[in-house]
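Please prepare a short report on the structure shown below, with attention to its charged pairs, its domain interface, its ligand surroundings and its backbone. A reader at the bench should be able to follow each point on the model.

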Amino acid sequence: MIWAKEETLSRKEIEEIQIARLKEQVAWSYERVAPYRAKMDAAGVKPEHIRTLKDLQLLPFSVKQDFRDNYPFGLFAVEREKLQRIHASSGTTGKPTVVGYTPEDMKNWTENVSRIACQGGAVPGDMAQICFGYGMFTGALGLHFGLENIGATVAPTSSGNTKKQIMFMQDLGTTVLVATPSYALYLGEVIQSMGLDPKKDLKLRVGLFGGEGMTEAMRQQMYVLFGEQFCATQNYGMSELNGPGVAGECPELCGMHINEDHFIAEIINPDTGEVLPEGEKGELVITCLTKKALPMIRYRTRDISRLFYEPCKCGRTTARMENLSGRTDDMLIIRGVNVFPSQVEEVLSAMPQISPYYEIIVDRKGQLDTMEIKVELADNSLVDSYGELEKLSATIGSRVKSVLGLDAAIRLEAPGKLQRFEGKAKRVTDNRKSLGLNC
Ligand code: DLL
């Protein structure tokens with residue numbers, strides 16, 4: 001089901017909306033947000049210089065540091081009293097990023113989430129269970145309002161208490177599951193361990209996942225756990241860009257459709273800031289076209305993706321962004337080599353003998369960086385054969401080495417041994433940071 005006509009416009013029609021809104025948004029930001037005005041003045045750009053979409057490139061980037069420098073409300077374009085809602089990103093270090101919404105922003109956000117919910121297969125009358133943590137995280141309330149808006153029934157079960165989640169799933173007849181993909185996999189494991197048959201005992205049809213990446217191996221695992229009828233889609237967003245509702249996959253599973261009448265996406269070379277052509281991989285930069293409380297012009301997301309513009313078989317004409325292949329700030333430097341956790345994940349996910357759970361631990365012994373990868377076996381079939389385990393560990397080690405050029409200590413763990421997460425999974429522990437090392 002296609003929720004809004006804006007998802008099927010011609011490129012010309014989309015671009016007409018984009019340029020009109022961009023001009024308005026740049027003027028709004030320049031007049032009302034002092035840090036934007038200062039940046040634009042320093043770059044010698046005035047709102048009237050924005051005449052075509054290409055002129056977007058004249059505008060300076062916004063970055064996470066702008067939030068830190070102007071915490072909590074310094075980037076807002078309206079007085080605090082005009083805000084209807086506040087959210088914040090967790091922020092592992094320092095202060096969180098505070099974001100806010102006017103009533104009009106709330107309406108747009110809700111509409112955008114309704115679109116991605118429908119893209120993923122949700123329909124009016126669905127029973128949607130939201131297993132994101134309710135609170136300052138945008139995921140839970142974002143999906144909550146978007147799903148209610150399409151006429152779904154929402155069960156705000158929040159995160160945790162896995163057995164109770166499953167009880168509700170059975171008793172309420174949940175058809176749409178909303179969660180991080182890692183928590184959904186954990187739910188699936190517990191469902192199996194309870195001896196339930198997802199096809200007979202549950203009515204799950206749609207999984208709207210997001211907040212973190214889902215590899216193809218994880219998606220395949222979803223089918224094993226929840227049945228072939230299950231449609232598992234990825235949804236992208238971030239607190240600074242409202243939250244969920246920026247982009248989402250449709251059942252064709254060929255990238256995430258961007259709500260282009262609300263967001264302009266660009267891909268840049270993260271080192272030079274140069275805008276890259278269609279299909280090239282780089283850092284995703286998003287300009288929000290309708291956000292009034294907290295305008296975002298050319299926000300550097302640090303997420304790595306590519307863009308495609310050809311219309312999709314589903315009937316939508318909006319540009320698509322490829323599922324993320326990491327973040328620019330994910331990069332670890334180990335013995336001088338640049339390592340992205342997604343590279344390790346790619347190696348591991350190609351091996352059927354291991355589960356989607358892994359952990360990378362980086363440390364320093366003396367002067368030398370070390371990397372250990374803990375990997376969990378998919379099942380018990382190899383557990384009793386020392387020789388097979390040795391062979392598997394050597395294969396993983398040599399594949400990791402051929403991709404990264406680095407030796408890693410591989411530690412195989414029994415099924416179910418590695419930590420499960422209720423929210424976003426944490427896969428990397430860099431102990432060098434606690435040693436005060438700059439890495
Ligand atoms: O995670 C918003 C969201 C909630 C999106 C629920 C979708 C569903 P933040 O907490 O601010 O916001 O984190 C944003 O999470 O920059 C990405 O690095 C990562 N992320 C979000 N969605 C995806 C995804 C929400 N589908 C950060 N795939 C982003 C991979 C994702 N990473």
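Across the whole structure, which is a predicted model, the search returns 32 salt bridges. One of these joins D261 to R115, and the closest N and O atoms of this pair are 2.9 Å apart. Because D261 sits in the loop between β9 (256-258) and β10 (263-268), whereas R115 belongs to helix α4 (residues 103-119), the pair ties together parts of the chain that are 146 residues apart in sequence.

A further salt bridge is formed by R420 and E189, with 2.8 Å between the closest N and O atoms. To place this pair, it helps to look at the domains. The domain assignment divides the chain into domain 1, covering 1-328, and domain 2, covering 331-435, so that E189 falls within the bounds of domain 1 and R420 within those of domain 2. Across the interface of the two domains, the rule finds one salt bridge, and five residue pairs are counted in polar contact between domain 1 and domain 2, both residues being at pLDDT 80 or more.

On the side of domain 1 that touches domain 2, the elements that give two or more residues are α7 (181-193) and α9 (216-226). Of the elements on that side, α7 gives the most, with five residues. Sorted by class, this side of domain 1 holds eight nonpolar, 11 polar and three charged residues.

The extent of the interface can be described in several ways. The centres of domain 1 and domain 2, taken over C-alpha atoms, are separated by 30 Å, while 22 residues of domain 1 are in contact with 14 residues of domain 2. Between them the two domains bury an area of about 1,300 Å², and carbon and sulfur atoms give 57% of this area. In domain 1, the residues that lose the most area to domain 2 are S182, E189 and T215, which together make up 24% of what that side buries.

The ligand has 20 residues around it, and those that come nearest are N235, S239, D303, R327 and K424. The table lists three polar distances between protein and ligand.

| Residue | Protein atom | Ligand atom | Distance |
|---|---|---|---|
| S239 | side-chain N or O | oxygen | 2.6 Å |
| K424 | side-chain N or O | oxygen | 2.8 Å |
| E212 | backbone N or O | nitrogen | 3.4 Å |

S239 and K424 thus appear both among the nearest residues and in the table, where each places a side-chain N or O atom beside an oxygen atom of the ligand, at 2.6 Å for S239 and at 2.8 Å for K424. For E212, by contrast, the protein atom belongs to the backbone and the ligand atom is a nitrogen.

Two points of backbone geometry remain. The peptide bond leading from Y71 to P72 is cis, with omega near -10°, and P72 is placed in the loop between α3 (64-69) and β1 (85-89). R298, although it is not a glycine, has a positive phi of about 45°, and this residue lies in the loop between β11 (282-288) and β12 (299-305).

Notes. Residues numbered from 1 in each chain as written. Predicted model: local features only at pLDDT ≥ 70, side-chain atom pairs only at ≥ 80, totals over all residues. Heavy atoms only, no water. Contact = heavy atoms within 4.5 Å. Buried area = accessible area lost by both parts, 1.4 Å probe. Salt bridge = Lys/Arg side-chain N within 4 Å of Asp/Glu carboxyl O. Polar contact = N/O pair within 3.5 Å; in protein donor to acceptor, adjacent residues only side chain to side chain. Helix = DSSP H or I, 4+ residues; strand = E, 2+ residues; numbered from the N terminus. Nonpolar A, V, L, I, M, F, W, Y, C, P; charged D, E, K, R; others polar. Near = heavy atom within 4 Å.
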